[in-house]
Structures are given as C-alpha cells and as structure tokens.
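Trainee: I am new to this structure and would like a close look at a single part of it. Could you choose one residue, go through its surroundings with care, and then set it within the chain as a whole?

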Amino acid sequence: MKTITKKIDKEWFDLILSGKKKFEGRVADFDINEGDILRLEEWTKGDKRRFTGRFIEKEVTYVQKHNAKEWIENQPEILEKGFYTIQFD
C-alpha cells in the first residue's frame, strides 16, 4: 500500500468531502492500485494557485484504466498514457 498525492480544485474537493462524489478521473501518468491511499489536496484556481491546507485521504477500492482513443484523439497526453477512473469509499 502506498499514498499518492494529487491536486484537486475546490468544487471537486467539496463534492468528495460531502460524500456525493466517490470517484476520480485522472491521466494515467502514475501507478495506483486497489488498497492504495489517494490523498487529494485542495488548491485554488487561477494564475496564483496555492494549496489551501485542506486534504482528503481515501482508500482506493477500484481502478479501471481506460484507452478510449476514439473520444480523446485531441488529447495527446491521454492517448500516450491512458486515463484512470478511481473509486473510493
């Protein structure tokens, strides 16, 4: 088990904090597995992004790596690395 830290905007952070949002979609540029801890750190938007000090840690309960070339052809990073859907409780 490992902890993976990622930035997240306030609007998504608040949805996860409330329990309404229980998944996260991310470019697959890192290794993540069931049982890992996903630490989501809230960051402000705009030119001067900064960490707000708030974070959530969630245990990953399911990971699906996507390779949906037909709907992301204009996103070279996703085409190269894939895309995760990450579920947590």
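**Arginine 39 and its surroundings**

Mentor: The side chain of arginine 39 makes a polar contact with the side chain of glutamate 41, at 2.8 Å. Please keep in mind throughout that this is a predicted model. Arginine 39 has its place in strand 3, which runs over residues 37-43, and it counts as buried because its relative accessibility is 18%, where buried means under 20%. Setting aside residues up to four places away in sequence, arginine 39 touches Thr3, Ile4, Thr5 and Lys6, and also Phe55, Ile56 and Glu57.

One of those residues, glutamate 57, deserves a closer look. Its side chain and that of arginine 39 are joined by a polar contact of 3.3 Å. Glutamate 57 belongs to strand 4, and it is described as partly exposed because its relative accessible area is 44%. Beyond its neighbours within four places in sequence, glutamate 57 is in contact with Ile37, Leu38 and Arg39. From glycine 82, by contrast, glutamate 57 lies 23 Å away when the C-alpha atoms are compared, with these positions 25 residues apart along the chain.

If we now step back along the sequence, we come to aspartate 36, which lies in the loop between strand 2 (23-27) and strand 3. Aspartate 36 counts as buried because its relative accessibility is 4%, and its side chain reaches the backbone nitrogen of asparagine 33 at 2.8 Å. When neighbours within four places in sequence are left aside, the residues in contact with aspartate 36 are Met1, Lys2 and Ile4, together with Lys58, Glu59 and Val60.

The nonpolar core comes next. In soluble globular proteins, nonpolar side chains tend to be buried together. The largest nonpolar core here has 14 residues, and those touching the most other members are Ile16, Phe30, Ile32, Leu38, Tyr84 and Ile86. At least two residues of this core come from each of strand 1 (3-9), helix 1 (10-18), strand 3, strand 4 (51-66) and strand 5 (83-88), and strand 5 gives the most, with 3 residues. Tyrosine 84 has contacts, apart from neighbours within four places in sequence, that include Glu24, Gly25, Arg26, Val27 and Ala28, as well as Phe30, Ile32 and Val63.

For a residue on the outside, consider glutamate 80 in helix 2, which covers residues 76-81. Glutamate 80 counts as exposed because its relative accessibility is 64%. Its C-alpha atom is separated by 9.2 Å from that of aspartate 29, although the two are 51 residues apart along the chain.

Finally, the whole chain can be placed around these details. It has 2 helices and 5 strands, which follow the pattern β-α-β-β-β-α-β when read along the sequence. Of its 89 residues, 35% count as buried, and its C-alpha atoms fill a box of roughly 35 × 35 × 25 Å along the principal axes. Among contacts between residues at least 6 apart in sequence, 65% join residues at least 24 apart. The accessible surface comes to about 6,000 Å², of which 48% belongs to carbon and sulfur atoms. As for charge, the chain carries 18 positive and 18 negative charges, whose mean positions are 5 Å apart.

How values were computed
Residues are numbered from 1 along each chain as its sequence is written. This is a predicted model: local features need pLDDT of at least 70, side-chain atom pairs count only at pLDDT 80 or more; totals for chains, interfaces and linings use all residues. Side-chain values use heavy atoms; hydrogens and water are left out. Helices (H or I, at least four residues) and strands (E, at least two) are DSSP runs, numbered from the N terminus. Buried means under 20% relative accessible area, exposed over 50%, partly exposed in between (1.4 Å probe, protein chains only). A polar contact is a pair of N or O atoms within 3.5 Å; within protein, one must be able to donate a hydrogen and the other to accept it, and residues adjacent in sequence count only if both atoms are side-chain atoms. Contact means heavy atoms within 4.5 Å. Accessible areas come from the Shrake-Rupley method with a 1.4 Å probe; for residues, only the protein chains shown count as cover. Lys and Arg count as positive and Asp and Glu as negative; His and the chain ends are not counted. The place of a charge is taken as NZ of Lys, CZ of Arg, CG of Asp or CD of Glu. A nonpolar core is a set of buried Ala, Val, Leu, Ile, Met, Phe, Trp, Tyr and Cys residues joined through side-chain atoms within 4.5 Å.
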